[in-house]
Amino acid sequence: MSGDGLQVLRGTVRARAPEETWQSVAPFLKDFGITRVARLTGLDCVGLPVWTALRPGSLTLSGSQGKGATDLLAKLSAVMEAIELWHVEQPLPIAAYGPARDVAPDCPVSALPLTIQHDQDALARVVWEWTPATRLVSGEKTILPLDLVRRRVQRPAWAPDLLRATSTGLACGNSRDEALLHALYEIVERDVLYQDAQAGGQLRTYIDPSTVDDDLGREVVDRFAAADMAVELALVDGPYGLPVCVAYVWSEDLPVLFAGGGCHSDPGIAATRALTEAAQSRLTAISGTRDDLPSTPGSAALAAFRPPRTIGLTTWSQATSHFTRELHPFADQVERAARRITDVTGHEPTVMDLPGPPTPPIYAVQVIAPGTRSRITRTMSR
């Protein structure tokens, strides 16, 4: 189904049909360093389509994973993630050089993602290279420290290790607005999950997985049940008014707790993203194709069996009844999400448009939202 430039698919919404996207991207895979795209689905008993895209010459991760309702969607997901990383490895223009107190950015450096909190006056005296960026609410031009992107690839010897460069807010899309929306939803998801972790998991409403009414979400839950896997799903309360979900899966055949998170204006898609990401994380560990997985025997902590909650669960319809499920054009959704983030943090989210080849028509962005935080591990709270 489509309308207003939206392709409403199972578990996702895109600007173009997946067949069109693949036809436009496939001839250019080598330009992004992608040498192989492979199906991982059969390595696990869950059966959810999961693919990997490999870039042997990568400066970051050589293996990228993707999941989806179909093989094509999963293949595209993996390829798009690989293309995101290719873009972030490319040189960015330098607009200024000096400390924040001299170049006068729109927000204090202390509001940017940091490896550790520092004195604000001291941060204002640190010398950095700055790259052009655009504020997403006002559209005004601004600058951001280049190390918010470059630290993942190569940092000059003189640069202090202060800024935390992560994949949060890094996204590709068939259009710039599609990429921006994906980035903003990811920022909201990770900030809300960070706040929940700080609160000891007290922001969660635990859901009976069997009541999820999203088509793909229902299928994934049934697949987990058929594989005798424990599933826990929660809706996490946050200040943005957007549905954020976290999911956990565990099984005796691979006694590691795998987690997934998701955010979307449609709560069903948010839940589906969390569930499918947990399944993808499990299959990624099974395949061993990701560079940053622990390789030393015993280095991955094995979680003790934790049965899912069976009491105090809420039905999906009850937990999500206050959310509006209307889908608006990508540009409208981007504006709404950007304004919500601005209202909560007091800072406009800012985008760096990442350079790349003129073809195919793929847009890559890195969105930085000062005042938000993220964490990689989504611990299961009791």
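**View 1. Strand E3, helix H6 and helix H10 come together around the largest cavity of this predicted model.** Each of these three elements, E3 (12-14), H6 and H10 (330-345), supplies at least two residues of the lining. The biggest share comes from H6, with four residues. To find your way around the wall, look for Val13, Arg14, Glu178, Leu181, His182, Tyr185, His264, Arg273, Leu327, Phe330 and Gln333. Sorted by class, the lining holds five nonpolar, three polar and three charged residues. The volume of this cavity is about 100 Å³. Searching the whole structure turns up four cavities of 30 Å³ or more.

**View 2. Helix H6 covers residues 176-198.** Follow its 23 residues from the first C-alpha to the last and you travel 33 Å, close to the 33 Å expected at 1.5 Å a residue. What follows the helix? Glycine 200 comes after H6, and its phi is positive, near 70°. If you have just come from the cavity view, you have already met this helix, which gives four residues to the lining there. A general point helps when looking at any α-helix: with 3.6 residues a turn, residues three or four places apart point the same way.

**View 3. Strand E12 (230-236) is covered on both faces.** How many of the residues of E12 are buried? The count is seven of seven. On one side sit Ala230, Glu232, Ala234 and Val236, and on the other sit Val231, Leu233 and Leu235. This two-sided listing follows a general pattern, in which the side chains of a regular strand alternate between the two faces of the sheet. E12 also has partners to look for. Strand E11 (residues 204-207) is joined to E12 by four bridges, and the two run antiparallel. Here threonine 205 has leucine 235 of E12 as its bridge partner. E12 pairs with E13 as well, again in the antiparallel sense, over six bridges. In that pairing, alanine 234 stands opposite valine 246 of E13.

**View 4. Strands E13 and E14 form a hairpin.** Two residues lie between the strands. E13 (residues 244-251) and E14 run antiparallel and are joined by seven bridges. A handy pair to pick out is tyrosine 248 and alanine 259, its bridge partner in E14. Why can E14 (residues 254-263) be called largely enclosed by the rest of the structure? Seven of its ten residues are buried, so little of the strand is left uncovered.

**View 5. Cysteine 245 and cysteine 263 are each other's closest cysteine neighbours, sulfur to sulfur.** In general, a disulfide is a covalent bond between the sulfur atoms of two cysteines. Which cysteine sulfur is closest to that of cysteine 245? The closest one belongs to cysteine 263, at 8.9 Å, which is too far for a bond. The cut-off that matters here is 2.5 Å between the sulfur atoms. By this rule the structure has zero disulfides. Are these two residues buried or exposed? Cysteine 245 is buried because its relative accessibility is 0%, and cysteine 263 is likewise buried, at 2%.

**View 6. Alanine 104 and aspartate 228 are two loop residues with a positive phi.** Neither one is a glycine. Alanine 104 has a phi near 55°, and its place is in the loop between helix H3 (100-103) and helix H4 (120-125). With a relative accessibility of 53%, alanine 104 counts as exposed. For aspartate 228, phi is about 55°. This aspartate 228 is found in the loop between helix H7 (215-226) and strand E12 (230-236). Aspartate 228 is exposed too, with a relative accessible area of 68%.

**View 7. Threonine 52 sits in strand E5 (residues 50-54).** Is threonine 52 buried or exposed? It counts as buried, because its relative accessibility is 3%, below the 20% cut-off. Now look across to valine 37: the two residues are 15 apart in sequence, and their C-alpha atoms are 5.7 Å apart in space.

Key:
Residues numbered from 1 in each chain as written. Predicted model: local features only at pLDDT ≥ 70, side-chain atom pairs only at ≥ 80, totals over all residues. Heavy atoms only, no water. Buried < 20%, exposed > 50% of the residue type's maximum accessible area, 1.4 Å probe, protein only. Pairing = 2+ DSSP bridges. Expected span 1.5 Å × (residues − 1). 1 Å grid on protein atoms, 1.4 Å probe; cavity = no way out; pocket = protein on both sides within 12 Å on 5 of 7 lines; lining within 4 Å. Points joined across faces, edges and corners; volume = space filled by probe spheres on them. Nonpolar A, V, L, I, M, F, W, Y, C, P; charged D, E, K, R; others polar.
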